[in-house]
Amino acid sequence: MKLLFRQRIFSWLDSYDIYDENQNVVYSVKGKISFGHCLYIYDNYHNHIGTIKEEVLRLLPRFRMYINDQYIGEIYKDLTIFKPQYHIECNGWRIQGNIWEWDYNVINHNQIIATISKELFHLSDTYVLDILNDQDALYVLMIVLAIDAEKCSRHD
C-alpha cells in the first residue's frame, strides 16, 4: 500500500491530507491548539481514529501514540551528533534514516515494514509511505507524523 502525505500550504495549525495511490483521501490530520504538538487523525468518514501528543518539558522530543483513545506506544528522539536516531516503543519496531532526515525505513527485526521518502520540489512537505501490509498503515502514519512534528519544532 502506498500513501502520499501532503501538508496543506495555507494552514494555521498542522493540517494534512493523506492520499492513496488513486489520489483518494484516506486519512485527514488536524492539529489542535495545545502545549506541544497534538495531532488528531480521522478516517475518510471523518471518524477520529488516532492521536499523536507531544510530551513537553523534556530535553528531547517524545510523542505518545493513541488509537482511538487507547495508548499504544511512543516515539522519541535520541541525543546524537550527526545522524538522527528515533526509537519506537510500539510493536517492537525501529527506525533507520539518512543524515538528511528525508528517507526512513520502519523495521521489525530485519524486515522492512515501510519505506518513507520525502519528495523534493513541492511547495509543502510531501512524503511517500510505501507500506508492506495495509493493517500497519495507521501505525506508520503516526510515526511519520511524529517525526515531521519534531522536525518542524526544530525549524520554527
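# A tour from phenylalanine 5

Select phenylalanine 5 to begin: at 0% relative accessibility, this residue counts as buried (buried is under 20% relative accessible area, exposed is over 50%, and partly exposed is in between, with a 1.4 Å probe and protein chains only). The model is predicted, so local features need pLDDT of at least 70 and side-chain atom pairs count only at pLDDT 80 or more, while totals for chains, interfaces and linings use all residues. Residues are numbered from 1 along each chain as its sequence is written, and side-chain values use heavy atoms, with hydrogens and water left out.

## The whole chain

Switch to a cartoon view. The protein has one helix and twelve strands (DSSP runs numbered from the N terminus: helices are H or I with at least four residues, strands are E with at least two). Along the sequence, the order is β-β-β-β-β-β-β-β-β-β-β-β-α. Of the 156 residues, 47% count as buried. About 8900 Å² of the protein is exposed, and carbon and sulfur atoms supply 53% of that area (Shrake-Rupley method, 1.4 Å probe; for residues, only the protein chains shown count as cover). Among contacts with a separation of 6 or more, 29% are between residues 24 or more positions apart (contact means heavy atoms within 4.5 Å).

## Aromatic pairs

How many aromatic pairs does the structure hold? There are five (rings of Phe, Tyr and Trp, the last by its six-membered ring, pair if their centres lie within 6.5 Å; planes under 30 degrees apart count as stacked, over 60 as edge-to-face and the rest as tilted). Add tyrosine 127 to the selection: its ring centre is 5.2 Å from that of phenylalanine 5 and the planes are at 45°, so the pair is tilted. The two residues are 122 apart in the chain, with phenylalanine 5 in strand β1 (residues 2–7) and tyrosine 127 in strand β12 (residues 126–131). Tyrosine 127 has a relative accessible area of 3% and is buried.

Next, select tryptophan 93 and tyrosine 139. Their ring centres are 6.0 Å apart and the planes are at 70°, so this pair is edge-to-face. Tryptophan 93 belongs to strand β9 (residues 93–97) and tyrosine 139 to helix α1 (residues 137–155), with their positions 46 residues apart. Tryptophan 93 is buried at 6%, whereas tyrosine 139 is partly exposed at 22%.

Go back to phenylalanine 5 and add Tyr16: ring pairs link Phe5, Tyr16 and Tyr127 into a cluster.

## Lysines over rings

Select lysine 30 and tyrosine 42. The charged end of lysine 30 sits over the ring of tyrosine 42, 5.5 Å from its centre (NZ of Lys or CZ of Arg must be within 6 Å of the ring centre and within 35 degrees of the ring normal). Then select lysine 32, which lies over the face of tyrosine 40 at 5.4 Å from the ring centre.

## The nonpolar core

In soluble globular proteins, nonpolar side chains tend to be buried together. Here the largest nonpolar core has 39 residues, and Tyr27 and Leu129 have the most contacts inside it (a core is a set of buried Ala, Val, Leu, Ile, Met, Phe, Trp, Tyr and Cys residues joined through side-chain atoms within 4.5 Å). Helix α1 gives the most to this core, with eleven residues. Centre the view on leucine 129: leaving out residues up to four places away in sequence, its contacts include Met1, Leu3, Phe5, Ile116, Val140 and Val144.

## The salt bridges

Which residues form the salt-bridge network? Three salt bridges are found in the whole structure (a side-chain nitrogen of Lys or Arg within 4 Å of a carboxyl oxygen of Asp or Glu). Select glutamate 55 and arginine 64, which form one of them with the closest N and O atoms 3.4 Å apart. Arginine 64 is partly exposed at 26%.

Now select glutamate 74 and arginine 62, whose side chains meet at 2.2 Å, N to O. Glutamate 74 is in strand β7 (residues 70–77) and arginine 62 in strand β6 (residues 62–67), twelve residues apart. Glutamate 74 is buried at 6%, and arginine 62 is buried at 15%. Glutamate 74 also forms a salt bridge with arginine 64, at 3.6 Å between the closest N and O atoms. Through shared partners, Glu55, Arg62, Arg64 and Glu74 are joined into one network.
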